[in-house]
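Please consider the model shown below, one chain at a time and then at the place where the chains meet.

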Amino acid sequence: MARTSRTGTRTDLALLGVALVLALTALILPSAIRSQVQGTLRSSVAAPLVSAQAWAERGRQAIGDHGRLVKSIDSLALGAQSVEPLRSENDRLRALLGLGQRLQWGFVATEVIHSAPEGDEHTVLLPVGSTAGVRPFSPLVVPDGLIGMVKSVDASSSTAILWTNPDFRASATTTDGLAFGIVAAHLGSGADRFLLEMRGVPFRSVLKPGTLIVTSGLGNVFPRGVPIGVVLRETKTIEGWARTYLIRPIVSPDAASAAMVLLPPRAAAGVTGAWASVEATDKTQQTIVMAGDSLIADSVRVIQDRLAKLALLDSLRRAAIYRGDSGVRVESDSTAAPRPGLPPGAASAVTPPPVAPAARVTVPAAAPVTTPKPAPRTVTPGAAATPSRPLVSSPGAPKSPTTAPSNSPVPTPRPRPAVAAPAAGAKPRSAVMTRADSLARAAARARASESARAQSAADSAQAKNRSQPKPPDNPFRLPPAGGHR
Amino acid sequence: MSGVFDWLRLLFAVLMLVVAHFVLRPLLGDRIEIDFLVLALLLMSIRVRPGVGAVLGLLMGAAADAAAPAGFGSAMLALTLVGYITSWLKAAFFAENAVLDGVVIFASAWGVVLMRLLLSGRGFEAGAAVTALVWAPLSAAATALVGAVLFTVLRPLLKPAAA
C-alpha cells in the first residue's frame, strides 16, 4: 500500500514536472515562435472557444454601444428636423439674391418680422427705416411677387401691411394689359380669407382661370409687372357694369421671412424683367394649354375622319355582300313576314324592314371572292339591309331556311371581303382603298339597277293590289307567346 | 456503468463551465470577472490524482492563453500549480463546508490572477497594483461566491459513487 502511494506520488510529480516544463517553455519561447504556437492553438483546438469569446465580446460591445447609439440617433433626428427649414430658408435667400441681381439697384433687403400686435396679423415689422431710404408706400416684394406695402417709417424700422390687410389696394392688370382692375384682400371667411379679389374689371374683359395678374404701374405706387396672383374664378357681385375675379395670391405672407423694399427711385424707374421668369412661366403655361387644345382638336378631327372612312367601308362591304354576284346567299328567319302588297322579292330587295330578322350569310367554297375565312360569318340584324334575294320563301316553300346551293350542301368557310379584313398579310392600305372604290362604284350601279327593278315591281304590285281584296293574315306568323297549345 | 455515467455528468459540467468562461464572462462585467475556468479545474481536480490535475491545469491554461492577447504560458503555469495543489488538498477541499470551499476557490482565483500578472510581465505596469490588490480580490470573491453556490447545488449530482 505504501509502495503504491509512493509510485503514485512519483507519477504525480513526474506529471507535474512535465506540465511545469511545458508551461515554462511556453513562457520563455521566443516571441515569434510563441505567436506561432498561439496562432496554431487559436485556429485548431481552441478555435470554438476563441470564436465564442469573440462573439461574446461583440455582444458586450453592442450592449455598451446601445446607449451611445440611441443618443446618436436622437441627436441626428434633432438635427434632421432643422435641416428642412434651413434648406427652405436657404432656397428663399438664394431666390432673394437672384431677385437682387435682377433688380441691381434701388432696393433694401430686410427681414420680415411677424410680431405685430395681437389682432393685427396683417401687419409686419421691418428692421429698416428711413435711414436706409425706405419711404411710406414703398412696395414690399419677394422673389415670387408682391407681398405688401410699407405703411409707416421711422429712422431704423418701418411697418408694412401685407396684401391680406383690408386696407391694401393695388392697381393690377393682366400680362397682356387687356384688363385692368383693383386688387384687394378678399374679405371672406375661412380659407377664402387668404385670397385676393380683382374688382372693377370691365365687363368686356373675360379672364380665364389661371391668368396671371401683375401690378399695372398706375398710381405711381407699385411698378408695373410685379406678379400678384392668378385668376381662380369670377365671383358674383351686385354690380352689373364690372366683373370681380377671385385671385389666388402667388406669395403666402406667412412664408416670407425675408423681403425687399423697393425704394421710390426704383419703383419709379420700373422693374422690367425682374419677374420675367414668372411671366415666362405663365406664357409657357398658356402656350402648353393652347397646344394641348389644338392637339385635342386635331385628334378629334382625325378620329372623325377615320370613323367616316370606316362607315364608308362598312357600307361598301354591305353593298358587296348584298349584291349577290359572287355567290352570296342570305339566310333569314322563316318567321319574317313579307310586306303585304309586295312580292316577296320586291319587299325585301327595295327597303329592309325597320327591325330585320337575324340573317346568316354563307358562301359556297367555290365563291370567287377573296381570302377564305374558316368560320361562316353572321351578319348582325342591323346590317341586313337590302338582300338581292327574298329573305322569306314563298308561302308554298318549306320553312327551313335555304343554306347553300345544291352543289355544295355543307356550308363552307365564307371568304371575307378584302376591304373589311386588313389583317396581317393583307393588302396595303392604298390597294384596299382602290378595291373599296371599285366596290363602291359596283355597289352604286347595283343599287341603281335594283332600285329601278324594285320600283317597277312595286308599281305593278300596287296596281294588282288595288284590283284584289286584302289577303288574310300571314299563315306563317308565329303564335303569340304562351298561346301555343 | 454508474461510474461512467458519473464521469459523463462531470465532464458535461466541466464543459459547461469552460464554455461559460469564454461566453458568459465577457458579458458579466468589465472589471470584476468570474473565473469559470478555475471553477472547472477545481471541480475536476478533486476527483483525480495531483499529477492528472496538473495536466488538466496545463490544458485549461493553454486554452486560456490561446484566447489571451499576451502572456502566453502564464495561465498554463498558474493553472498547473492550482490543479496540482487543489488535487493534493482534496481532503480538505470539497468537504461539507461551503465556506471552506469558498476560501479555497478565492485563494485559487486570486493566485491565478497574481501569477498571470507576474508571469506575463505586466506586474510592474501602471495600474497593476490596483488590479492585483483591488480588482483581483474582488474577482476572486465573486468567483468564490459563485463557486460555493455552484458546488453546493451540484454536490448531489456530482458526488462520486461509493467505491
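The paragraphs that follow treat the helical chain, its contact with the other chain, the nonpolar cores and the sheet in turn. The model is predicted.

Chain B contains 7 helices and 0 strands, so that a reading along its sequence gives the pattern α-α-α-α-α-α-α. Of the 163 residues in chain B, 46% are buried. Among contacts in chain B with a separation of 6 or more, 67% link residues 24 or more positions apart.

One helix of this chain, α5(B), merits attention. α5(B) comprises 15 residues, and the distance from its first C-alpha to its last is 21 Å, close to the 21 Å expected at 1.5 Å a residue. Is this helix enclosed or not by the rest of the structure? Because 14 of the 15 residues of α5(B) are buried, the helix is largely enclosed by the rest of the structure.

The contact between the chains comes next. Here 27 residues of chain B are in contact with 26 residues of chain A. On the side of chain B that touches chain A, α1, α2 (25-28), α4 and α5 of chain B each supply at least two residues. Which of these elements gives the most? It is α4(B), with 13 residues. By character, the residues on this side of chain B comprise 19 nonpolar, 6 polar and 2 charged.

Nonpolar residues also form cores. The largest nonpolar core has 55 residues, of which B:V38, B:A40, B:L41, B:L79, B:I105 and B:A109 touch the most other members. Two or more residues of this core come from each of α1 (2-28) of chain A and, in chain B, α1 (2-23), α3 (36-45), α4 (50-67), α5 (74-88), α6 (98-119) and α7 (128-158). The surroundings of B:I105 can be listed: apart from neighbours within four places in sequence, B:I105 is in contact with B:V38, B:L39, B:L42, B:T143, B:A144, B:G147 and B:A148. A second core, separate from this one, has 50 residues, including A:L99, A:I213, A:I250 and A:W275.

Chain A also holds an open sheet. Its 6 strands follow the order β1-β12-β3-β4-β5-β2 (chain A), with antiparallel pairing. Why is one side of β1 (107-111) and of β2 (123-126) of chain A left without a neighbour in the sheet? Both stand at the edges, and each has a single partner strand, so one side of each has no neighbour there. From one strand to the next, the twist averages 35°.

At one edge, β2(A) is joined by 4 bridges to β5 (residues 158-162) of chain A, and the two run antiparallel. Within this pair, A:L126 lies opposite A:S158 in β5(A). Elsewhere on the sheet, helix α4 (residues 83-103) of chain A lies across β1 and β12 (258-262) of chain A, and runs at about 20° to β12(A).

Further strands of chain A pair as well. β6 (residues 169-174) and β7 (residues 180-185) of chain A are antiparallel, with 5 bridges between them. A:T173 has A:F180 in β7(A) as its bridge partner. These two strands, β6(A) and β7(A), form a hairpin with 5 residues between them, and A:G177 in the turn has a positive phi of about 75°. β7(A) also pairs in the antiparallel sense with β8 (residues 196-202) of chain A, over 4 bridges. In that pairing, A:A184 stands opposite A:E197 in β8(A).

Key:
Residues are numbered from 1 along each chain as its sequence is written. Chains are lettered from A and ligands numbered from 1 in the order in which they are written. This is a predicted model: local features need pLDDT of at least 70, side-chain atom pairs count only at pLDDT 80 or more; totals for chains, interfaces and linings use all residues. Two strands pair if DSSP finds at least two bridges between them. Axes are lines fitted to C-alpha atoms, for helices over the stretch in contact, and angles run from 0 to 180 degrees between N-to-C directions. Two residues are in contact if their C-beta atoms, placed from the backbone, lie within 7 Å. A nonpolar core is a set of buried Ala, Val, Leu, Ile, Met, Phe, Trp, Tyr and Cys residues joined through C-beta atoms within 7 Å. A residue is buried if 20 or more other C-beta atoms lie within 10 Å of its own, exposed if 12 or fewer, and partly exposed in between; C-beta atoms are placed from the backbone. Ala, Val, Leu, Ile, Met, Phe, Trp, Tyr, Cys and Pro count as nonpolar, Asp, Glu, Lys and Arg as charged, and the others, Gly among them, as polar. The expected span of a helix is 1.5 Å times one less than its number of residues.
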